[in-house]
Amino acid sequence: MALRKIILGGVALVLGLAFSGCGGGSAGTNNNTTELTDALSSNITIADTQAGVTPFISILKLVGSDVSLVDSVTFTIAPKPASVSSPVKVTWSKTALSNRGDVRNTSLEVPVFGLYAGYSNDVKIQVEFNDQSVQSFDETITTQAWADPTGIYTEPTIVQARAPGSSLGFNYFIMKSLLLSPIIVDTDGEVRWVAPATPSQAAYYADGQFILGSTSSTQITAIDLDGTSSDLPLQLPQSSLTGFTHNIDPGPHGLLMEFDGKDDLGTSLEDIVVEASPNPNVPPFQVFDLADILTDYMKENGDDPTQFVRPGADWFHVNATAYDPADNSVIVSSRENFLIKLDYLTHKIIWILGDPTKYWYTFPSLRAKALTLDAGGLYPIGQHAVSVTSDGNVMVFNDGQGSYNEPTGEPSGLTRTYSEVSVYSIDTSNMTAHEVWGFDYGKTVFSPICGSVYESPRQSYLVDFATAAQFTQARLVGLDSNHNVVFDFQYNSPSYCSAAWNAIPIPLEDLKIDN
């Protein structure tokens, strides 16, 4: 139910006469001239708000013939008292609303999301017209409580709350759940969004929309932040791909998606990366079949690849991919082995960075591509969430768990007792790596599998210790640019990686949806 607070005022002098904003809202001008603006003459009013598919979402309806003059609509949700997180602020372009079918001759529906559940939310609506004048409304949107079916996300243990005035480049983040749809949480620990959806490990977010990949098929589902969803066809290079696994990451032209399936060598288990578009009319851009790439390379360089590439076994275990625009390459994370960098076009191996005490290092051809890490640095071991930072370094969540699936009697490498964030600079001319910085939380938290770290603006970071406390907890930790802990939230996790296998910041405090 919406309780409306009308702003009266916005008085402006026009041709020597006083005019007040029409339509139940305040109107502003874009300058101090006596010209009558679209906002001042607007007949737009708020007709209603309707509850969305979850309490975090409402649909606001604006009516009036002047809808035709609207350029965009912005909503801002006031934080709760004592909240440190910045307000949710989202701008919908009229084009985006029209593409959704939300614009009609005399009405316009605006999805409002990021609301607090079980709360009377103060929401400011700003309608910007084609002449850049603005009409404003204040609206109170009262939402129902959310009954968290997991009992997890509304009951975090706040190990360290974010302090007022703390410096952090993000205010909201996504927890990729194996129990529900992705969950959006603010840096006060409040849940701010969830939607009806089949849980999926493979989840990607951009520009107000999630893309979820099925683990049992090659079907993808798009979920908008208003909670609506649609299944999208996906054009793939191999009909034998059977399902998504792990991450979906941004590529130079489309999305880097990871698959199980079959290839010319046999059953392909977590070793295929396809860059494709959700648009069914666009063919795939690239296919990185690591079994084929490594087989060909090892044969050409005198090794027997059948001893390393073992179809049907989880010999590679891809869990993330990052595009590096600096040299048009991709970095693929193999949990069982290493990070491997490939030329985007030729798929030639540029370098390998991994624990030299593992099985892969016994092969001369692979060893020839290995980077040597400077003394004192930690090699990536069982790593996840590879990315390229704003200053061009390679960053991973360095789990520290040795390999699980090496052949009997072969070395599985080191296993540490803690996990850390590891950031490396790479010198390809000397084939060396240097650990620029790391964050190990005092070597007190061990997340053997899953987990992530991602950079946000102002070189802040979100760290996800997804399987802490012997796989029973997920720890979500925010770091400032000096790598100091700003917040630390602890969630129960009933099974391996289930509560938050991966987590990433989202700019919900300044989101623009343009199409």
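R335 is buried in this predicted model, its relative accessible area being 10%. Its salt-bridge partner is D314, with N and O 4.0 Å apart. D314 counts as buried too, at 15% relative accessibility. Below you will find this pair in its setting, followed by other salt bridges, the nonpolar cores and one exposed glycine.

**The R335–D314 pair**

- R335 sits in the loop between β25 (329-334) and β26 (339-343), while D314 sits in the loop between α2 (290-300) and β24 (318-324), so their salt bridge ties together parts that are 21 residues apart in sequence.
- Both residues fall below the 20% cut-off for buried, as R335 has a relative accessible area of 10% and D314 is at 15%.

**Other salt bridges**

- As background, side chains of opposite charge can pair when their charged atoms come close.
- Searching the whole structure turns up 11 salt bridges.
- One of them joins K80 to E190, and the closest N and O atoms of this pair are 3.0 Å apart.
- K80 belongs to the loop between β7 (70-77) and β8 (88-93), and E190 to the loop between β14 (183-186) and β15 (191-193), so this pair links parts that are 110 residues apart in sequence.
- K80 is partly exposed at 22% relative accessibility, and E190 is also partly exposed, at 28%.
- D488 and R475 form a salt bridge as well, with an N to O distance of 2.6 Å.
- Here the partners are in strands: D488 lies in β36 (residues 485-492) and R475 in β35 (residues 473-479), so the bridge ties together parts that are 13 residues apart in sequence.
- D488 and R475 are both buried.
- R100, D102, D224 and D226 make up one network, joined by salt bridges that share partners.

**Nonpolar cores**

- The largest nonpolar core has 65 residues, and within this core F75, F113 and Y153 touch the most other members.
- Separate from that core is a second one of 28 residues, with F338, I349, I352 and W360 among its members.

**An exposed glycine**

- G302 is located in the loop between α2 and β24, the loop that also holds D314.
- Is G302 buried or exposed? With 67% relative accessibility, G302 counts as exposed.
- G302 and H253 are 49 residues apart along the chain, and their C-alpha atoms are separated by 35 Å.

Conventions
Residues are numbered from 1 along each chain as its sequence is written. This is a predicted model: local features need pLDDT of at least 70, side-chain atom pairs count only at pLDDT 80 or more; totals for chains, interfaces and linings use all residues. Side-chain values use heavy atoms; hydrogens and water are left out. A nonpolar core is a set of buried Ala, Val, Leu, Ile, Met, Phe, Trp, Tyr and Cys residues joined through side-chain atoms within 4.5 Å. Buried means under 20% relative accessible area, exposed over 50%, partly exposed in between (1.4 Å probe, protein chains only). A salt bridge is a side-chain nitrogen of Lys or Arg within 4 Å of a carboxyl oxygen of Asp or Glu. Helices (H or I, at least four residues) and strands (E, at least two) are DSSP runs, numbered from the N terminus.
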